[in-house]
Amino acid sequence: MTDYLADVQKYDRSADEAVVNKIVKHLGIALRNKDSALVSATDQTELDRVKEKWCAKKLGVTGPDADAAVDAVAKTMAGDRSKSRVTFYYLVAKQLGKLATL
C-alpha cells in the first residue's frame, strides 16, 4: 500500500493524517488502479474532472476559485511525474481553505 501521508508531506510538512485518510477513503476503489490513482496535469479533461468531482461536488467551490486552485497545485507538483491523486486533492483542498471541512 502506498504511503499517502508521506507523499503529501513532501508538499505540506504539517499534513493532517486524519484528513489524508478521509481523502483515501473518499477515493476508495479508484486508488487500486494505477492510472486512476494518478492525476495527469497535462490532460485538460482530467483537470476538468478534478474541478467537477472534487472542487464542486465535494468542496462546494466552482468557477475561478476552483480553476486557480487546480492550476496552482498543478504548478506546485510540476516536478513530480507521478502526481498522486490523494496528494493532488489534499493540496487543492488546502489551497481552497477547505481541509477543515473534509
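Q: Q9 is found in helix α1; what is the relative accessible area of Q9?
A: This is a predicted model in which local features need pLDDT of at least 70 and side-chain atom pairs count only at pLDDT 80 or more, while totals for chains, interfaces and linings use all residues. Residues are numbered from 1 along each chain as its sequence is written, and side-chain values use heavy atoms, with hydrogens and water left out. Helix α1, like the other helices, is a DSSP run (H or I, at least four residues) numbered from the N terminus. Q9 is partly exposed (between buried, under 20%, and exposed, over 50%, with a 1.4 Å probe and protein chains only), its relative accessible area being 24%.

Q: Is D7 buried or exposed?
A: D7 lies in helix α1, and apart from residues up to four places away in sequence it touches D80, S84 and T87 (contact means heavy atoms within 4.5 Å). Its relative accessible area is 14%, so D7 is buried.

Q: Which element gives the largest share of the largest nonpolar core?
A: A nonpolar core is a set of buried Ala, Val, Leu, Ile, Met, Phe, Trp, Tyr and Cys residues joined through side-chain atoms within 4.5 Å. The largest one has 34 residues, with I23, W54, V86, F88, Y90 and V92 having the most contacts inside it. Two or more residues come from each of α1 (4-9), α2 (17-27), α3, α4 (63-76) and α5. The largest share, 7 residues, comes from α5.

Q: Which residues does F88 contact, leaving aside its neighbours within four places in sequence?
A: F88 is among the residues with the most contacts inside the largest core. With those neighbours set aside, the contacts of F88 are V39, L47, V50, V70, V73, A74 and M77.

Q: At what angle do helices α3 and α5 pack?
A: Helix α3 (residues 44-58) and helix α5 (residues 85-95) have axes 12 Å apart, and α3 is oblique to α5. Contact is made by E46, L47, V50, W54 and C55 of α3 with R85, F88, Y89, V92 and A93 of α5. The angle at which the two helices pack is about 60 degrees.

Q: Which residues of α5 make the contact with α4?
A: The axes of α4 and α5 cross at roughly 130 degrees and come within 9 Å. On the α4 side the contact is made by A69, V70, A72, V73 and A74. On the α5 side, the residues are F88, L91, V92 and Q95.

Notes. Axes are lines fitted to C-alpha atoms, for helices over the stretch in contact, and angles run from 0 to 180 degrees between N-to-C directions. Angles under 35 degrees count as roughly parallel, over 145 as roughly antiparallel, 65 to 115 as roughly perpendicular and the rest as oblique.
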